[in-house]
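With the model open in your viewer, please follow the stops below in order, making each selection before reading on.

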Amino acid sequence: MEPESRKRKKNLTRFFLRFILGVMKIINRYFLRQLTMIFIMLLLVLTGLAWMVQIMSMMKFLLNYGIQLTNFLGLTMLMVPFIVSIIIPFVTFIAVISVYNKMISDNEITVMAASSLSPGQIARPALIMATVLTAVHFVLNMWIVPTSQGTFYDTQWNLRYGLAHMKLQEAAFTEMSNGLVVYVDKVSGHDLSQVMLSDMRDENNQITIFAEKGKLVSTLRGLSIVMTNGSLMASGNATTVGTFESFDMDLNVADKGMGGSFRVRRIPTMELIDDILNSPNKKQHKAVLSELCSRLYGPIMNLLLAALCTAILLRSSLLRRRASFAPAVAVAAMAVVMAAFMSASNMVSSITQFIALGGLIIAMLAGVLFVLYKK
């Protein structure tokens with residue numbers, strides 16, 4: 001009889017485990033479906049709003065430089081990967097708190113807890129989604145964002161200072177920038193005839209030039225006009241008048257490289273790591289470390305915020321009187337964690353601090369997961 005009873009117990013145990021696993025699969029699919037739907041909806045809405053704000057902020061660029069609308073929209077679209085990389089942790093948190101708080105309000109979490117499911121098991125769908133988003137965010141930060149940002153700055157430079165946007169009208173005065181006016185009698189592609197140029201940008205060195213011919217040329221410093229067979233009058237402390245056979249006039253003083261403006265977001269990740277040891281100054285070294293913090297540690301915030309949110313909501317749901325305060329506590333905790341992370345990232349100035357910040361983030365994540373999974 002003993003062997004028969006043992007077999008029954010084993011069969012019952014197997015049946016119970018299979019039942020629990022089946023229930024968990026159903027619950028996981030149910031939660032993941034809800035989380036994914038809300039995440040995608042919020043991501044699209046917030047990204048669209050941020051993109052519209054970006055369009056409005058760059059509208060002056062569209063009007064001043066007269067670029068085509070399609071080129072302008074393409075330029076602003078290059079900012080979308082960067083926008084997404086910024087808002088993903090917040091969207092993850094909002095999706096998790098929305099789904100789990102609704103489940104708590106509808107007593108679904110209470111039923112699951114009464115069915116012997118632990119907070120860790122109930123939180124598993126949120127952690128699965130956050131883990132996937134962490135991997136996606138990591139790829140976004142390491143490769144996609146630097147590439148799109150590099151293309152954005154190059155395209156912006158070409159549209160602003162290159163030949164692409166330049167459309168001089170015949171027999172009309174064209175204001176290239178504040179204080180710089182060009183008159184052209186005839187235009188044939190980039191070749192000009194009967195050119196008059198007035199440069200009043202520098203009050204101490206105002207220049208007026210007349211030339212028979214000119215040609216638009218794109219250089220590393222921006223757009224230039226190479227003029228031939230003309231005369232020049234410069235006025236300032238003294239007036240100078242002369243003639244020339246060839247004269248090269250810079251229309252814009254712009255450095256296509258990063259010399260004056262260190263665009264750290266456009267640099268590939270491996271180059272950033274090399275720049276840590278070869279930065280020419282402390283300010284640039286700090287900017288590199290701050291950017292690396294955002295790229296390497298930012299994705300972990302998806303998992304940390306999801307774990308923090310579920311830990312607060314699910315543990316508080318067991319304390320029925322305090323459950324109503326859980327969403328507010330979770331939001332406050334998220335705000336503190338993200339503010340601390342962004343502040344610490346901007347304050348990192350050495351490799352030791354960089355490593356210490358990473359260790360602190362991992363320790364926080366381990367602590368939150370311990371609270372979530374402890375019995």
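Begin with Leu 46, which is found in helix 1; please bear in mind throughout that this is a predicted model. With a relative accessible area of 31%, Leu 46 counts as partly exposed, because that class runs between the 20% limit for buried and the 50% limit for exposed. Since patches are made of residues with over 30% relative accessible area and no salt bridge, the 31% of Leu 46 is over that area cut-off.

Next, extend the selection to Met 41, Val 45, Leu 49 and Ile 94, which together with Leu 46 make a nonpolar surface patch of about 420 Å². Which helix gives the most to the nonpolar patch? Colouring residues 2–57 shows the answer, as this is helix 1, which contributes four residues.

Now turn to backbone geometry and select Asn 107, found in the loop that lies between helix 4 (80–105) and helix 5 (108–114). Its phi is near 65 degrees, a positive value in a residue other than glycine. Most residues other than glycine have a negative phi. As for its surroundings, Asn 107 is partly exposed, with a relative accessible area of 46%.

For the last stop, select strand 3, residues 191–199, and pick out Gln 194 within that strand. Gln 194 is not a glycine, and yet its phi is positive, at about 55 degrees. Is Gln 194 buried, partly exposed or exposed? The relative accessible area of Gln 194 is 45%, so this residue is partly exposed.

Methods:
Residues numbered from 1 in each chain as written. Predicted model: local features only at pLDDT ≥ 70, side-chain atom pairs only at ≥ 80, totals over all residues. Heavy atoms only, no water. Patch = residues over 30% accessible without salt bridge, like charges linked within 9 Å, V, L, I, M, F, W, Y side chains within 5 Å. Areas by Shrake-Rupley, 256 points an atom, 1.4 Å probe, with all protein chains shown as cover. Salt bridge = Lys/Arg side-chain N within 4 Å of Asp/Glu carboxyl O. Helix = DSSP H or I, 4+ residues; strand = E, 2+ residues; numbered from the N terminus. Buried < 20%, exposed > 50% of the residue type's maximum accessible area, 1.4 Å probe, protein only.
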